[in-house]
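This briefing introduces one structure to a reader who has not seen it before. Please look over the sequence and the 3D view, then read the points below.

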Amino acid sequence: KLVVWNGPMGVFEFPNFAKGTKAVMDAVVEATKGGALTIIGGGDTATCCSPKFFDTEDKVSHVSTGGGASLELLEGKELPGVAALSAKKANKVRGFIGFIEANPLVAAGFVALGALLVTTRVTKN
């Protein structure tokens with residue numbers, strides 16, 4: 001079983017309005033005890049797990065402040081921040097490979113370093 005919860009049922013910070021959120025939290029904790037994977041997402045929902053409120057952070061599988069982003073990820077959408085970081089990393093790797101290809105002495109140095117590391121590892125074991 002999988003439970004994904006994003007967003008409290010009301011203004012849980014006030015006792016008169018906390019009952020709905022508390023009831024859902026109790027159900028999520030029980031589902032976790034029963035073996036379900038439980039994911040709580042969103043800043044407000046994460047806050048209600050804190051010791052200041054229901055103190056259930058360690059009674060569920062995962063708590064994240066990324067509510068909307070988590071839902072978009074589950075929908076299969078591309079997250080702009082992740083896409084930007086992935087593109088930046090890919091560009092760095094391409095740039096590094098281009099640098100190695102353009103500089104044969106550097107490439108030879110990396111080959112020698114790799115051989116040294118392999119040899120050192122083999123002789124240590």
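In which sense do strand β1 and strand β2 pair, and over how many bridges? The model shown here is predicted. Strand β1 (residues 2-6) and strand β2 (residues 37-41) pair in the parallel sense, over 5 bridges. The points below cover the strands, then helix α1, then the surroundings of S50.

**Strands and crossovers**

- Within the pairing of β1 with β2, V4 has I39 as its bridge partner.
- N6 is bridged to G41 of β2.
- Together with helix α1 (residues 19-33), β1 and β2 form a β-α-β unit, and this unit is right-handed.
- β2 also pairs with β3, again in the parallel sense, over 3 bridges.
- Opposite I40 stands V63, a residue of β3.
- From β2 the chain passes through α2 to reach β3, in a β-α-β crossover that is right-handed.

**Helix α1**

- The 15 residues of α1 should span 21 Å at 1.5 Å a residue, and the end C-alpha atoms are 21 Å apart, so the two values agree.
- Four residues of α1, namely T21, M25, V28 and V29, are buried.
- These buried residues lie on the same side of α1, because the arc they cover around the axis is only 100 degrees.
- The cover over the buried residues of α1 includes β1, β2 and α2.
- K19 and K33 are on the other side of α1, where they are exposed.
- After α1 comes G35, which has a positive phi, near 100 degrees.

**The surroundings of S50**

- S50 sits in the loop that runs between α2 (43-48) and β3 (62-64).
- Is S50 buried or exposed? S50 has a relative accessibility of 14%, and because the cut-off for buried is under 20%, S50 counts as buried.
- A polar atom of the S50 side chain lies 2.7 Å from the backbone oxygen of T47.
- Leaving aside residues up to four places away in sequence, S50 touches D55 and E57.

**Points to locate in the view**

- For the strands, find β2, which pairs with β1 and also with β3.
- For the helix, compare the side of α1 that holds T21, M25, V28 and V29 with the other side, where K19 and K33 are exposed.
- For the loop, find S50 between α2 and β3, with T47, D55 and E57 as the residues to look for around S50.

Terms used:
Residues numbered from 1 in each chain as written. Predicted model: local features only at pLDDT ≥ 70, side-chain atom pairs only at ≥ 80, totals over all residues. Heavy atoms only, no water. Helix = DSSP H or I, 4+ residues; strand = E, 2+ residues; numbered from the N terminus. Buried < 20%, exposed > 50% of the residue type's maximum accessible area, 1.4 Å probe, protein only. Polar contact = N/O pair within 3.5 Å; in protein donor to acceptor, adjacent residues only side chain to side chain. Contact = heavy atoms within 4.5 Å. Pairing = 2+ DSSP bridges. Right-handed = clockwise from strand over helix to strand, strands pointing away. Expected span 1.5 Å × (residues − 1). Arc of directions from axis to C-beta.
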